[in-house]
Amino acid sequence: MRQKEKKTLSLALQGGGGPSAFTSGVLDRLLAFDGVEIEGISSTSVGALLGAVAASAMASGGRETATEVFERFWQKATIEAVLSPGLRSPFQLLFGRGSLNWTPSYVAPGTPSPVFSPYDLNRMDTGAFESLLNELVDFDRLNHQDYPRFFVAATNVRTGRAKIFRKPGIHAKAIAASACLPTLFNAVEIDGEAYWSGGFAGNPPLFPLIDGRADTDLVVVKTNPLYRGKLPKTYAEVQQRTNEITFNSTFLSELRGILAINSLIRSGELASEKSRNVKVHLIEADETTLALGDAARPNPDDVWKQVAALHERGGRAANQWLQEHYDDLGHRSTLDIGSLLAW
């Protein structure tokens, strides 16, 4: 692909459990490509963690360092996810997709029933997860650099509304709140308010990237599938599919809003100079990639191979998207929102 000019885009990073290494591969490729400038990132769950790694590297002027940090993170996560006792590992947030498939003790005889809440089982906070975040991300630098804009979504437990954390209020606890699945962890408390996963209220939130902008190229990195051909029948499959549908609902609502605004601009009912013409693009994990991410492999060596394969697939998907759609940036959407919503 011949690079003609530098183009600006914003990234919206979904949370999605097991396939999330796909997202780090996409980020790796986009950060390495000099033809794009990432001016904003909106994120949820593990997408928020990976986005924070990328934003921290960009804020420090060393985008190439993100590759090293991604590798350190996944090496740590794959070991913790399979070796931690019970449900205490924070890395269940990353690999569980809301289920307990990656927890060896859960599938062992005598494990407590899933009808119990984390409070009943005295499961505590996400302190270990926050410690890893503080190790990997320079939050001080991230918060005090204007570039890139960075948003993290969590869900206020009491109100059910989205809470959008933004600079200068990005910290490890905010990202832990964005990733907090209520079936596994006590709610994360910040300034007297309790939060669960941002997936319930915005996976990921799109409008923070659009507000105050003129024409916008919005690239969604999607790891949470809209469509599943196989009917879920086991408890784990039903739970997983229920979470996927729930975590996609706000995303689809925001796409409907974007479609409506763009339609009004095209019809002349809204003045284009006063409204935001949003060009939407999609880099999506395909079915074989999702299947790879869903697989439960409790051997650490196998898990690392799985993560590496997902990361590599993310890089390939980003590269293919750049080859096919780089020239479209700044000119037109490459995602047909109307067809997507018609499913």
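Select Ser43 first, and look at its side chain, which reaches the backbone oxygen of Phe151 at 2.9 Å; such a polar contact is a pair of N or O atoms within 3.5 Å, where, within protein, one must be able to donate a hydrogen and the other to accept it, and residues adjacent in sequence count only if both atoms are side-chain atoms. What you have open is a predicted model, in which local features need pLDDT of at least 70 and side-chain atom pairs count only at pLDDT 80 or more, while totals for chains, interfaces and linings use all residues. Residues are numbered from 1 along each chain as its sequence is written, and side-chain values use heavy atoms, with hydrogens and water left out.

Stay with Ser43 and show the secondary structure, where you will find this residue in strand S2 (residues 36-44); helices (H or I, at least four residues) and strands (E, at least two) are DSSP runs, numbered from the N terminus. Ser43 has a relative accessible area of 0% and is therefore buried, given that buried means under 20% relative accessible area, exposed over 50%, and partly exposed in between (1.4 Å probe, protein chains only). If you leave aside neighbours within four places in sequence, the residues in contact with Ser43 include Leu13, Ala48, Phe150, Ser178 and Pro205, contact meaning heavy atoms within 4.5 Å.

Next, select Gln14, in the loop between strand S1 (7-13) and helix H1 (21-32). Is Gln14 buried or exposed? With a relative accessible area of 0%, Gln14 is buried. Show its side chain, and you can find a polar atom that lies 3.2 Å from the backbone nitrogen of Thr223, and a polar atom of the same residue's side chain that lies 2.9 Å from the backbone nitrogen of Asn224. Apart from neighbours within four places in sequence, Gln14 is also in contact with residues among which are Thr44, Gly47, Asn248 and Phe251.

Follow the chain into H1, a helix of 12 residues that reaches 17 Å from its first C-alpha to its last, close to the 16 Å expected at 1.5 Å a residue; the expected span is 1.5 Å times one less than the number of residues. H1 is mostly covered, since 10 of its 12 residues are buried, including Ala21, Phe22, Val26 and Leu31.

Now turn to helix H9 (residues 235-267), whose 33 residues should span 48 Å at 1.5 Å a residue, and whose end C-alpha atoms are indeed 48 Å apart. At the start of H9, a side-chain oxygen of Thr234 comes to within 3.1 Å of the backbone nitrogen of Glu237. Where is H9 kinked? The kink, of about 30 degrees, is centred on Ser249, the bend at a residue being the angle between axes fitted to the seven residues ending there and the seven starting there. After H9 comes Gly268, with a positive phi near 85 degrees.

Colour the strands S3, S5 and S6 for the next stop. Strand S3 (residues 149-156) pairs with strand S6 (residues 193-197) in the antiparallel sense over 3 bridges, where two strands count as paired if DSSP finds at least two bridges between them. Within this pairing, Ala154 has Ser197 in S6 as its bridge partner. Strand S5 (residues 188-190) also runs antiparallel to S6, joined by 3 bridges, and Glu189 stands opposite Ala194 in S6. S5 and S6 form a hairpin with 2 residues between them, and Asp191 in the turn has a positive phi of about 50 degrees.

Finally, look for charged pairs. Side chains of opposite charge can pair when their charged atoms come close. The structure holds 11 salt bridges, each defined as a side-chain nitrogen of Lys or Arg within 4 Å of a carboxyl oxygen of Asp or Glu. Select Glu193 and Arg158, whose side chains meet in one of them at 3.9 Å, N to O. This pair links distant parts of the chain, with Glu193 in strand S6 and Arg158 in the loop between S3 and S4, 35 residues apart. Glu193 is partly exposed at 29% relative accessibility, whereas Arg158, at 60%, is exposed. Then move to Asp328 and Arg332, which form a salt bridge with the closest N and O atoms 3.0 Å apart; here Asp328 is buried, with a relative accessible area of 13%, and Arg332 is partly exposed, with 44%. As a last selection, take Arg228, Arg241 and Glu244 together, joined into one network by salt bridges that share partners.
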